[in-house]
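Trainee: I have a model open and would like to go through it. Where should we begin?

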Amino acid sequence: MFRNLRIIIFVYYFFTVAGFLLLGYYFINVLHVENLYMFAFIVLCIVILSGVFISKLAVDPLAEYVQELQNLSKETLHELNLPISTITTTTQLLGKNCHDEKILKRIGRINTACMMLKERYNELDYLIKMQTNQKIKEMFFADALVKQRVDFVKKIYPQMKFNLVLEKMPVLSDQKGLGKVIDNIIDNGVKYSGTSRNIDIEVKNNSIKIKDYGIGMDEVELVRIFDNYYQSNKNMQGFGIGLNLVKRFCERNNIELLLQSSKNIGTTVELKFKQEYECK
């Protein structure tokens with residue numbers, strides 16, 4: 001598709017430029033036009049029309065392609081929701097009527113895998129809403145969201161101990177996006193914790209702080225940590241895009257992002273909300 005599009009645009013561009021040169025030659029050497037202002041005006045009109053046509057030629061197929069992808073994503077999401085709900089409900093029913101520990105462990109693993117699949121489902125749903133510019137800000141309690149995310153992450157990292165200090169903190173923001181941000185920061189904290197098993201999470205004074213006691217970073221790493229695809233340790237799982245997503249979310253939602261780190265001591269990431277809301 002894109003190969004043919006490139007060929008069409010190249011051919012159109014080639015003949016347009018050749019046409020301009022021939023037109024200029026015809027007006028100046030054959031018709032001997034002396035009114036250069038009139039000539040310039042005619043050329044300008046042709047250039048504008050050519051620009052409009054070539055932009056339409058280039059953008060319309062891409063817009064159609066993106067629209068088809070969005071429709072496919074929405075349909076896939078719709079089709080995924082039913083089997084996920086069915087698996088979840090069935091495993092819960094099986095667990096209630098089963099007393100065999102081995103089978104219960106297997107059911108637990110299926111439930112965890114299903115929850116992770118549901119998370120990917122929610123992320124895809126969130127990305128589609130972001131692309132279609134849907135308004136997704138809502139009022140919610142950040143402490144409840146942090147608790148929910150920690151409960152989820154605990155199932156993936158059962159070896160870690162999460163020390164929570166949570167005070168009621170209402171915020172007006174993008175709840176799903178903030179949940180992804182919290183997941184990313186906790187995930188990074190766990191990955192770079194080294195031998196430490198503690199992560200401290202504090203929600204108070206209109207901010208969320210997540211602190212690990214791991215390998216930390218020096219000043220050079222701190223400068224690059226928010227770059228896309230940057231990883232301080234190339235052997236770690238992932239693609240190095242998590243903290244770049246965190247930074248872009250904070251910029252988009254007027255949240256101050258603070259980061260403190262010391263080598264072999266640990267790292268603290270703070271999300272400071274600039275606007276306060278009263279608890280109701």
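Mentor: Begin with a definition: buried area is the accessible area, taken with a 1.4 Å probe, that two parts lose on being put together, summed over both. Keep in mind that this is a predicted model.

Trainee: How is the protein chain divided by the domain assignment?

Mentor: The assignment gives two stretches of the chain. Their centres, taken over C-alpha atoms, lie 31 Å apart. The stretches are domain 1 (1-132) and domain 2 (138-273).

Trainee: What area is buried between domain 1 and domain 2?

Mentor: Look at the contacts across the boundary. In domain 1, 10 residues are in contact with 10 residues of domain 2. Carbon and sulfur atoms give 63% of the buried area. The total is about 880 Å².

Trainee: Which three residues of domain 1 supply 53% of the area it buries against domain 2?

Mentor: No other three residues of domain 1 supply more of that area. They are Met115, Glu119 and Tyr126.

Trainee: How many charged residues are on the side of domain 1 that touches domain 2?

Mentor: Sort that side by class. It has four nonpolar and two polar residues. Salt bridges between the two domains number zero, and the residue pairs in polar contact there also come to zero. The charged residues on that side of domain 1 number four.

Trainee: Where does UniProt place the feature "transmembrane region"?

Mentor: The unreviewed entry gives two ranges, so check each against the model. Residues 7-28 are 100% helix, with end C-alpha atoms 32 Å apart. Residues 34-54 are 90% helix and 0% strand, with ends 31 Å apart. The UniProt ranges are 7-28 and 34-54.

Trainee: Which side chain meets aspartate 151 in a salt bridge?

Mentor: The rule counts five salt bridges. In this one, N to O is 3.1 Å. The two residues are about one helical turn apart, because they sit four residues apart in helix H4 (residues 142-156). The partner is lysine 147.

Note on methods: Residues are numbered from 1 along each chain as its sequence is written. This is a predicted model: local features need pLDDT of at least 70, side-chain atom pairs count only at pLDDT 80 or more; totals for chains, interfaces and linings use all residues. Side-chain values use heavy atoms; hydrogens and water are left out. Domain bounds come from an automatic or database domain assignment. Contact means heavy atoms within 4.5 Å. A salt bridge is a side-chain nitrogen of Lys or Arg within 4 Å of a carboxyl oxygen of Asp or Glu. A polar contact is a pair of N or O atoms within 3.5 Å; within protein, one must be able to donate a hydrogen and the other to accept it, and residues adjacent in sequence count only if both atoms are side-chain atoms. Ala, Val, Leu, Ile, Met, Phe, Trp, Tyr, Cys and Pro count as nonpolar, Asp, Glu, Lys and Arg as charged, and the others, Gly among them, as polar. UniProt positions are given in the numbering used here, feature names are shortened, and annotations may be inferred rather than shown by experiment.
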